[in-house]
Amino acid sequence: MSGETLTYWFSDLEGSTRLWEEHPIGMQHALARHDEILNEAVVESGGRVVKSTGDGLMAVFDTPLGAIGAAVAAQDALHTETWTETGPLRVRMGIHLGQSQPRAGDYYGTPVNRAARIMSAAHGGQVLVSDAVASACRDNLPARLGLEDLGMHRLKDLTGSERLHQLLIADLPSSFPPPSTLELRPNNLPTQTSVFLGREEELSSLRTLLHTPDVRLITLVGPGGTGKTRLALEAAVRDLDRYEDGLFFVPLAEARTSDDVFTAIGRELNIDLPPEGSRIDGLRTALANRRVLLLLDNFEQITDGAADVVDLLSSCPHLTALVTSREALRVRGERLFPVAPLSIPARSATLEDVMASEAVRLFVERAVEVQPSFTITDVNAATIAEICTRLDGLPLAIELATARLRIFSPTDLLSRLERRLDLLKGGARDLPGRQQTIRAAIQWSFELLDDHDRMLCLLVSAFAGARFEDVEAVALGIDAFAHTDVIDGLQSLVDKSLVRRIDDDSPWFAMLGTIRDYAQEQLSTDPDLAAAVRRAHADHYCTMARNLRPLLTGSDRESALIQLTRNIDNLLLAWRHLLEDGSLESLYEFLDPLWALHDAKGWYAGVIDLARDLLGLLGTLPETPELVREKVALQTSVARALMTISGYGAEVEAAFKEALALSDETGHIPERFPVLRSLTSLYTLSGDMRNAAHTSREMLKLALAHDDPAMEMEASMVVGVHEANSGAPEQGLARLERAVELYDPTERRHERFRLGPNPGIQSLTSSALVLAMLGHNDRALLRARRAEEESAALNHPATRAYALHHVAFVYSGLGRFDLIGDLGNELLTVAIDHDYPIWRAVAMVWQGLAALAAGDAGGLSRLEEGMTLYQGESAPPVFWPMMLVLLAAGNAMAGRPDVALARVDDSLELTAGTPNATEALVMRGDLLLGIHGVEAADEALEGWETALAIAQEAGFRPAALKAATRIARMAIGTDREAVALQRLSSIHDGFTEGFDAPDLVAAREVLGRPT
């Protein structure tokens, strides 16, 4: 667990690259034996192997003595093993202890990194331990072991010195060269205050480039704050053995000419250069035969020095230059190495996925340095992931942000990132001024721009990423950019790392958020230019949306949705510009494609924002009947979107009442189909069946008047559901079958304010439920499977969530709990991906029931957690009794009949005397007999008789069968037997399908018929 002190043990095979090249076959066998020896030594000494690390291992131990014991056992076995063609394998080992962050079976943190660096300082056959390990073990070492103090050494992590000790093992070699640390080579590499984290793939690629013959000038390019310098330093120090004459860091922030560069190089290497004349000649003489790596940091502001550096490299064949710059040097022989920000986690990622992000790992590491008690948990992981995303994964920004954790919680920190340029300051005093605030880091780059590039940079900041064609089109609409060469300008900004090119089907250009914030600040200082840019941007994207609108109802719908999705951030920016200008006509042109996209993607929170934006604007205009009708349509859309996200809660009810109040202003409900549809749903979910019946009939009347099959299909579905739940299931089924007949899954319609699940899928699931209620089991199962398959093909999140939940209801009603587990799992994924809390709750209910039905008692906690969330989301009243029955069933499966009985009674309080009470009444009788035995027989029988009467009146044959079967079973051997059996036989013989269903089998057993 976090905070536990463990001992970390690393090993590595010396010279493995050479051995693989010389003995490729022999190394396969030798390395297999090597792995056996090390694994056995670790396990027998009480350790746990964490992972393989190339040709070595990482292990953890509860005690340092255990780690030392494993090292001794492994070195003994390696020494005595008979090796074949490879010769003896020489393994180096390093041991350190401390506290780390465990995650998914691995460990992260400073002590782990330091243990790896201690190992890398050792030589083959040598075991090095830290001072902490030596202090903990010195007085308890076995007789054949000893420790030799090797003094203080700077390890290859640049983070200060460590006192190293060599483990002396009797009968094994003990004479080794000095540890391979920074003291081994001349250098002036600066000490770092923290360890290097992440970027292992980039580091490996950079080192490979350094090892490539004839590559002697490598430029690390990227925007300020991406960690170019830190990466270059780490690559240099990892390869210190390659540069026998030294590694030298040369800061160039103050340099402006090639003479300044050469003066800085001479200063850092202690080379005396002539005070006058050509300084390059002095360097040529001094470095002609020296094998040196120069790390030239911050080269971007030097306009004439790059070519002279190439001349110096040409004269010094063993000299290599590793350069950091915000733009390429553009000279011969240069190899560019782009440095991107750290990886950020995907949205809706698990804690494990979040911690796999390099940006999050850096955040956590630095947060622990600021607040030692800090830890990442399931609770704060999403917040930390969002912080790192908002900071673009920039190491400098993350470092500055974590410093604020001294006074802010992660949640507070996230809320304050709205003004991130002002928040991200206060860096370490020993950093250069340009790195003490993110604003200064960006300003440094801006000051190096000419007027042409600066103007284009301001224009690009108006976009949330864009294609070249979009930037060019907007530029053409602004007088200030009439003569701007966008091609050359964008290329220049990309070269200077202020704009990133993202390759896709067509190139996409974007700014990091922090750079964009700064550029927009600069743009705002010229109000006329800023207004012109906003207008041109809004006009361009409004035209784009208008042109895509006709495609949304045809065969090109998917292509149009892809284009809208790709441009959604710019479309929403344009929407806000038009909203600020009060351009109602343009907004309505914009609304249809935006609405269609949000509905298709299930972005219902965004739908609510769009509707409320328009409602706010309409509220400023003089009222007319048409304006009020428009408000009603928008307000009902808000209510329906809220209902999709979180069910029927207080916010939905408030939106519902506002829509009704607006309707009253005109004296009638607007004759608009989506409005009637929304109001019908709201009336139904609130339990107002009288008004639900009225609005559903109005829907059907409107659909028939328009002779519109799609409208008729949806209206028939709504009316059919209402009739089936109001005591006329056969009539309701006929309506639903008409809706299914009219459903065309290939049709692609778009209607303003259309929201929610696809009505065709609703018709399929509703008809399946009614078929099951009427006892048509086989048809119900087929219909449910069709709904499941066709909803998947539609790729519409709200429809898929609806279908998964209602199909699960059908399966559970048919006793097929084996089919609902996968539905619950997928429903949870949809709910999390689209932020649908109500669907997340019911998904957990289905998961819990599936687990309980499979014999997993742990499913009960999942079920109860889902029910708690469901209640917390102010669940629709009409559904609550059914959910209580599911909760009762789960408790019964878990062997908690008393709890199950209480939940059944809760359900009956809400449904007494209605068809919805039948399932609860049957279950109640079973529970009473299970708890109290024959003493409760009369009470159970009374409940079953009531259930039978209600079910027969409603036409619900399965419910009637269940009740009659129990009554008949209890009547056997009494004077009621003949009547009870005759009644059961009559009900059973009314079934025409699904004879293998458990309830029908049970009935035949009571009747004495073959099952």
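**Close-up A. Glu-723 lies in helix H31, which spans residues 709-724.** Helices (H or I, at least four residues) and strands (E, at least two) are DSSP runs numbered from the N terminus. The model is a predicted one, in which local features need pLDDT of at least 70 and side-chain atom pairs count only at pLDDT 80 or more, while totals for chains, interfaces and linings use all residues. Residues are numbered from 1 along each chain as its sequence is written, and side-chain values use heavy atoms, with hydrogens and water left out. Glu-723 counts as buried because its relative accessible area is 12%; buried means under 20%, exposed over 50% and partly exposed in between, with a 1.4 Å probe and protein chains only. Apart from residues up to four places away in sequence, Glu-723 touches Ala-728, Pro-729, Gln-731, Gly-732 and Arg-735, where a contact means heavy atoms within 4.5 Å.

**Close-up B. Ser-766 is placed in helix H33, residues 759-773.** The relative accessibility of Ser-766 is 8%, so this residue counts as buried. When neighbours within four places in sequence are set aside, the contacts of Ser-766 are Met-717, Val-721, Leu-736 and Tyr-802. Ala-803 is 37 residues from Ser-766 in sequence, and the C-alpha atoms of this pair are 9.7 Å apart in space.

**Close-up C. Thr-383 belongs to helix H13, residues 381-390.** With a relative accessibility of 16%, Thr-383 counts as buried. Beyond its neighbours within four places in sequence, Thr-383 is in contact with Pro-410, Thr-411 and Leu-414. Val-237 is 146 residues from Thr-383 along the chain, and 35 Å separates their C-alpha atoms.

**Close-up D. Helix H19 (residues 468-476) packs with helix H22 (residues 527-548).** The angle of packing is about 125°, and the axes of H19 and H22 are 9 Å apart. H19 is therefore oblique to H22. Axes are lines fitted to C-alpha atoms, for helices over the stretch in contact, and angles run from 0 to 180 degrees between N-to-C directions. Angles under 35 degrees count as roughly parallel, over 145 as roughly antiparallel, 65 to 115 as roughly perpendicular and the rest as oblique. From H19, Asp-470, Ala-473 and Val-474 meet Ala-536, His-537, His-540, Tyr-541 and Met-544 of H22. The contact of H19 with H22 comprises 5 nonpolar, 2 polar and 1 charged residues. In this classification, Ala, Val, Leu, Ile, Met, Phe, Trp, Tyr, Cys and Pro are nonpolar, Asp, Glu, Lys and Arg are charged, and the others, Gly among them, are polar.

**Close-up E. Helix H6 (residues 200-211) packs with helix H7 (residues 228-238).** Their axes are 10 Å apart and form an angle of about 60°, and H6 and H7 are therefore oblique to each other. On the H6 side, Glu-200, Glu-202, Leu-203, Leu-206, Arg-207 and Leu-210 meet Leu-231, Glu-234, Ala-235 and Arg-238 of H7. By class, the contact of H6 with H7 has 5 nonpolar, no polar and 5 charged residues.

**Close-up F. Arg-330, which is not a glycine, has a positive phi of about 55°.** Most residues other than glycine have a negative phi. Arg-330 is located in the loop that runs between strand E13 (319-325) and strand E14 (334-338). Its relative accessibility is 58%, so Arg-330 counts as exposed.

**Close-up G. Asp-835, a residue other than glycine, has a positive phi near 60°.** Asp-835 is found in the loop between helix H36 (820-834) and helix H37 (837-853). At 55% relative accessibility, Asp-835 is classed as exposed.

**Close-up H. Trp-839 is among the residues that touch the most other members of the largest nonpolar core.** That core has 180 residues, and the others with the most such contacts are Phe-363, Phe-446, Leu-459, Phe-590 and Met-883. A nonpolar core is a set of buried Ala, Val, Leu, Ile, Met, Phe, Trp, Tyr and Cys residues joined through side-chain atoms within 4.5 Å. Outside its neighbours within four places in sequence, Trp-839 is in contact with Thr-644, Ala-801, Tyr-802, His-805, His-806, Leu-827 and Ala-831. A second, separate core of 42 residues includes Leu-901, Ala-951, Ala-954 and Ala-964.

**Context for the close-ups: the protein contains 45 helices and 17 strands.** Of its 1011 residues, 56% count as buried. Along the principal axes, the C-alpha atoms fill a box of roughly 115 × 85 × 50 Å. Among contacts with a separation of 6 or more, 69% are between residues 24 or more positions apart.
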